[in-house]
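Hello,

Here is the structure I promised to pass on to you. Have a look at it first, and then read on for what turned up in it.

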Amino acid sequence: MALLPYSKCIFLCVIIFLFFTLSSVSQAELDAHYYDKTCPQAEKIISDTVLSASKFDQKVPARILRMFFHDCFIRGCDASILLDSTPKNLAEKDAPPNLSVHSFYVIDEAKTKLEKACPHTVSCADIIAIAARDVVALSGGPSWSVLKGRKDGRVSKASETVNLPAPTLNVSQLIQSFAKRGLGVKDMVTLSGGHTLGFSHCSSFQARVHNFSLLHHIDPSLNTEFALDLKGKCPKLNTNPSAGHFLDSTSSVFDNDYYRQLLLGKGLFSSDQSLVGDQRTKWIVEAFAKDQGLFFGEFVASMLKLGNVGVTENGEVRLNCKVVN
């Protein structure tokens, strides 16, 4: 067999080395035991902080779960949602979709405690992922082993939040949005079940009950009684910025009531209600409405998938979640 000239051999070796090096740094390997040796008390510190905040403010669980979704959908799960704006840059947290998230202070508080216990070790991105698991479990939902080892991003742009799934999207648009993050149809319907927690202001749904279309004043997919209730809480000339409605009838409990409400025509967002009007998704809604255990199992699987979106080694462990190092 003929030997390669020395120069060609060196060239090929460099190419092979770069290939494996870039492969290893582009996609981080997450591990449930990532902090076992470097910060074994990390999860307890985070869980205690989340529990304390949730007792003080019942809105915390829904807000932290939403924070995790919104963080992972933009640039992947890199805690870019936590970065503060600067004079030259409007950050994600100050974009309209995130103005009602509010509970950033919970993550900041956990980070302060972690920096005292294990300096420069636990990433802000991992804190959000662990906190999201904790608020689901605290609210009566399933628990799971969070995979850890994420790095924090250095970029946060409010303009990129236009890529978050809007409450007005139809099923095809939702499928496309989730597919861009490597998530399938079942993942989309499953993660939409996170709407079992929380509250929405009128601006996200009031178009459904006021001059909906040329043919219908009210969205015909809405339960009539429910629509009148929404119309009463959100009048056309609404002057109450706090007005709105809970996302399902057990809004502080993580359960499958969200899916049962959809089958009754009581989905608050048109994006939610659209899941019942499309054969690609209706069967999943029906299955979850019947079997809460099935929903819980699928939710864990989809949260683990979501937690892997855009995870890279090309970041840092912030000392302060609000600013890059």
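A good place to start is H195, which lies in the loop between helix 7 (185-192) and strand 1 (199-201). Please keep in mind that this is a predicted model. An unreviewed UniProt entry carries the annotation "binding site" for H195. Is H195 buried or exposed? With a relative accessible area of 24%, H195 counts as partly exposed, because buried would mean under 20%. Not counting residues up to four places away in sequence, H195 touches L247, D248, Y258, F269 and D272.

Now for the chain as a whole. Its secondary structure comes to 12 helices and two strands, and the order from the N terminus is α-α-α-α-α-α-α-β-α-β-α-α-α-α. The C-alpha trace spans about 80 × 50 × 45 Å along its principal axes. The radius of gyration is 22 Å, which agrees with the value near 20 Å for a compact globule of 325 residues. Of these 325 residues, 48% count as buried.

The inside is worth a look too. In soluble globular proteins, nonpolar side chains tend to be buried together. Here the largest nonpolar core has 71 residues, and L65, F68, L82, F299, M303 and L306 touch the most other members. Helix 5 (residues 124-138) gives this core its largest share, 10 residues. Leaving aside neighbours within four places in sequence, M303 is in contact with L65, F68, F69, A132, W144 and L191. A second, separate core has 12 residues, among them C202, F205, A227 and L230.

Best wishes

Note on methods
Residues are numbered from 1 along each chain as its sequence is written. This is a predicted model: local features need pLDDT of at least 70, side-chain atom pairs count only at pLDDT 80 or more; totals for chains, interfaces and linings use all residues. Side-chain values use heavy atoms; hydrogens and water are left out. A nonpolar core is a set of buried Ala, Val, Leu, Ile, Met, Phe, Trp, Tyr and Cys residues joined through side-chain atoms within 4.5 Å. Buried means under 20% relative accessible area, exposed over 50%, partly exposed in between (1.4 Å probe, protein chains only). Helices (H or I, at least four residues) and strands (E, at least two) are DSSP runs, numbered from the N terminus. Contact means heavy atoms within 4.5 Å. UniProt positions are given in the numbering used here, feature names are shortened, and annotations may be inferred rather than shown by experiment. The radius of gyration is taken over C-alpha atoms; the globule rule is 2.2 Å times the number of residues to the power 0.38.
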